Amino acid sequence: MEKPTLLICDYGSQYTFLIARKLRELGAYSEIIDGRSTTTPDLSCIHGIILSGSPDSVKSSTAATIPTWVLASEKPVLGICYGMQLLSHSLGGSVQSLEKREYGRELLKLSTESSDLGKQFFSNTLSGQTVWMSHGDDVRTLPRDFEVLAHSESGAVAAIAHRTKPWLGLQFHPEVHHSEQGLSLLRNFAEKICKMKLTWTPKGIIEQISENLNRTLKKTDKLILAISGGVDSTVCGVLLTKLLGKDRVPCLFVDHGLLRQGESEETFTKLQELGLKVQRLEKGELFLKNLRGIADPEEKRKIIGHTFIQVFDEYVATQTGFTHLVQGTLYPDVIESAGTGSKASVIKSHHNVGGLPDHLKLTLVEPFRYLFKDEVRLLGKELGVPAQLTLRHPFPGPGLAIRIVGELTAEKIAIARKADHIFIESLRQENHYEKIWQAGVVLLPVKSVGVMGDERTYEWTCALRAVHAVDAMTAHVGELPLSFLCKVADQIVRNVPGINRVLYDITSKPPATIEWE
């Protein structure tokens with residue numbers, strides 16, 4: 001946090017990371033920390049603090065409390081949902097459970113009179129605006145020196161403010177798109193209450209990364225970049241090559257044998273065309289050997305992470321001068337691997353986070369560790385990376401290993417690869433590819449009876465997965481035409497020996513994840 005920052009204290013809400021994204025879209029840099037941590041952060045660059053929502057109740061004996069440094073800092077504070085209840089409860093107000101929880105859209109009714117703080121916060125917004133509620137408790141008695149800024153249509157306290165201190169609370173969620181003027185409220189908090197300049201732009205990001213590299217690297221340091229050809233590592237390679245020169249940041253492309261059809265050759269060629277200094281190592285046999293007999297998805301991810309490091313260590317041992325390993329790790333990778341120190345559980349260990357060994361022989365450099373994918377795409381555009389690369393569908397680092405549920409075999413990899421190729425090419429041919437954020441085929445450990453050519457078959461089942469998303473933290477099903485899906489299923493069954501049944505996954509994230517493993 002070496003730049004003007006809004007600090008978000010996370011209490012386990014599914015919307016916490018959406019708050020961070022929305023603030024950054026507005027140009028206000030934000031970071032997330034564990035709301036239960038008692039460690040006082042460096043407050044010199046902190047302009048304001050946001051208390052997130054939570055599935056908990058402040059009345060629970062195990063409920064989190066506000067760290068003492070938050071209010072003692074005298075920084076502006078905005079409590080959202082649980083955060084507002086926590087603020088009220090901590091300062092002597094009362095919180096009560098509702099007989100019927102408020103969930104969904106509600107109309108907001110602003111008070112006719114409020115302090116200057118309230119007027120600043122709700123400036124350029126209207127009474128009667130639609131907001132999104134999701135709570136089972138509400139504030140019944142205000143803490144001393146607080147006032148009500150707004151009620152919901154059902155009468156619940158929806159917004160409060162301290163009369164003399166820059167402390168605010170909202171019972172609704174301004175960060176979700178259902179709150180029609182939520183972005184305006186977040187902008188008002190950042191710009192008018194916290195006095196931040198909204199300067200977080202692609203150019204600003206590049207300048208910040210450049211400053212960090214110049215401060216932390218010596219001129220004699222030599223980096224090696226782990227590059228996969230995906231959006232994140234490719235943009236990272238282009239940026240660092242621009243900032244440091246290609247001889248100082250050579251790229252190593254490890255083909256782990258789990259890529260899609262033709263992807264190894266195509267990726268290698270495109271990386272060279274971008275002006276990167278890249279070398280390819282074909283290590284498919286090593287990865288498959290290390291994964292043999294492994295069915296648990298967490299084990300697979302960690303083995304892949306360790307094997308990547310093994311390959312890099314062996315390669316570096318034959319070279320001279322390398323001091324740092326660069327990865328295109330993103331914030332969602334860190335979040336899902338529980339790397340923020342927050343209350344969040346491990347959703348899945350990303351091979352480049354939870355899959356890394358405790359001790360690396362090279363110093364790890366992750367320029368994008370606190371960026372979301374849409375921010376990386378904007379960086380790519382700023383750097384002149386072709387749209388066909390920046391808008392490419394995300395593909396997981398472990399590749400087909402986590403799109404084949406259960407144990408891997410060379411035969412299953414070949415089946416999954418061929419089915420995936422048919423699906424992706426069909427999306428392109430039918431002009432659906434750019435309308436979908438991510439797509440792929442999952443090979444299931446399920447066989448079913450079928451009939452082909454009047455003969456009984458007993459073969460594998462695969463699932464098509466296509467989603468709409470922005471940052472991978474949430475996703476909803478890709479609404480592909482049924483006729484298109486039927487056509488794809490027919491092509492897969494006809495052309496991929498080993499598959500006789502095709503399904504379409506229509507589950508959102510949450511509750512599911514985008515990948516099956």
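This report describes a predicted model, taking its sheets, helices, cores and selected residues in turn.

## The parallel sheet

Five strands build an open sheet. Their order is β12-β11-β10-β13-β14, and the pairing is parallel. β12 (278–282) and β14 (363–365) stand at the edges. Each has a single partner strand, so one side of each is left without a neighbour in the sheet. On average, neighbouring strands are turned by 30 degrees against each other, direction ignored.

At the β14 edge, three bridges join β13 to β14. The two strands run parallel. L325 stands opposite L364 of β14.

## Helices on the sheet

Two helices that pack on this sheet are described here. α8 touches β11 (251–255) and β12. The direction of α8 makes about 165 degrees with that of β12. Helix α10 (residues 297–317) touches β10, β11, β12 and β13. Its direction makes about 130 degrees with that of β11.

## Helix α7

Helix α7 covers residues 231–244. How far apart are its end C-alpha atoms? They are 20 Å apart, which agrees with the span of 20 Å expected for 14 residues at 1.5 Å a residue.

The helix is mostly covered, with twelve of its 14 residues buried. Among them are V231, D232, C236, L239, L240 and L244. The buried residues of α7 pack against α6 (202–216), β10, α8 (263–273), β13, α12 (373–383) and α13 (387–390). Just after the helix, G245 takes a positive phi of about 95 degrees.

## Nonpolar cores

The largest nonpolar core holds 84 residues. Which of them touch the most other members? They are L240, F368, F423, I492 and I499. Helix α14 (residues 410–429) supplies the largest share of this core, eight residues. A second, separate core has 36 residues, including L149, F172, L186 and A190. In soluble globular proteins, nonpolar side chains tend to be buried together.

L240 links two parts of this account: it is one of the buried residues of α7, and it is among the residues of the largest core that touch the most other members. Beyond its neighbours within four places in sequence, L240 is in contact with L213, L223, G245, V249, V326 and P367. G245 in that list is the residue with positive phi just after α7.

## The antiparallel strands β7, β8 and β9

Strand β8 (residues 157–162) is mostly covered: six of its six residues are buried. Five bridges join β8 to strand β7 (residues 146–152), and the two run antiparallel. V148 has I160 of β8 as its bridge partner. Four residues lie between the strands of this hairpin. G155 in the hairpin takes a positive phi near 105 degrees.

β8 also pairs with strand β9 (residues 167–170), over three bridges and in the antiparallel sense. I160 has G169 as its bridge partner in β9. Thus I160 is bridged to V148 and to G169. β8 and β9 form a hairpin with four residues between them.

## Selected residues

K222 lies in strand β10 (residues 222–226). Is K222 buried or exposed? At 27% relative accessibility, it counts as partly exposed, because partly exposed runs between 20% and 50%. K222 and V249 are 27 residues apart in sequence, yet their C-alpha atoms are 6.7 Å apart. Not counting residues up to four places away in sequence, K222 touches D247, R248, P250, T320, G321, F322, T323 and H324.

T329 sits in the loop between β13 (322–326) and α11 (331–336). Its relative accessibility is 0%, so T329 counts as buried. The T329 side chain makes a polar contact of 2.8 Å with the side chain of E366.

T130 lies in strand β6 (residues 130–141). At 18% relative accessibility, T130 counts as buried, because the cut-off for burial is under 20%. Leaving aside neighbours within four places in sequence, T130 is in contact with R105, E106, L107, H178, S179 and E180.

P76 is placed in the loop between α2 (68–72) and β4 (77–80). P76 is buried, with a relative accessible area of 9%. P76 and K195 are 119 residues apart in sequence, but 9.7 Å apart in space, C-alpha to C-alpha. Beyond its neighbours within four places in sequence, P76 is in contact with H47, G48, I49, P166, F189, I193 and C194.

Methods: Residues are numbered from 1 along each chain as its sequence is written. This is a predicted model: local features need pLDDT of at least 70, side-chain atom pairs count only at pLDDT 80 or more; totals for chains, interfaces and linings use all residues. Side-chain values use heavy atoms; hydrogens and water are left out. Buried means under 20% relative accessible area, exposed over 50%, partly exposed in between (1.4 Å probe, protein chains only). A polar contact is a pair of N or O atoms within 3.5 Å; within protein, one must be able to donate a hydrogen and the other to accept it, and residues adjacent in sequence count only if both atoms are side-chain atoms. Contact means heavy atoms within 4.5 Å. The expected span of a helix is 1.5 Å times one less than its number of residues. Two strands pair if DSSP finds at least two bridges between them. Axes are lines fitted to C-alpha atoms, for helices over the stretch in contact, and angles run from 0 to 180 degrees between N-to-C directions. A nonpolar core is a set of buried Ala, Val, Leu, Ile, Met, Phe, Trp, Tyr and Cys residues joined through side-chain atoms within 4.5 Å.
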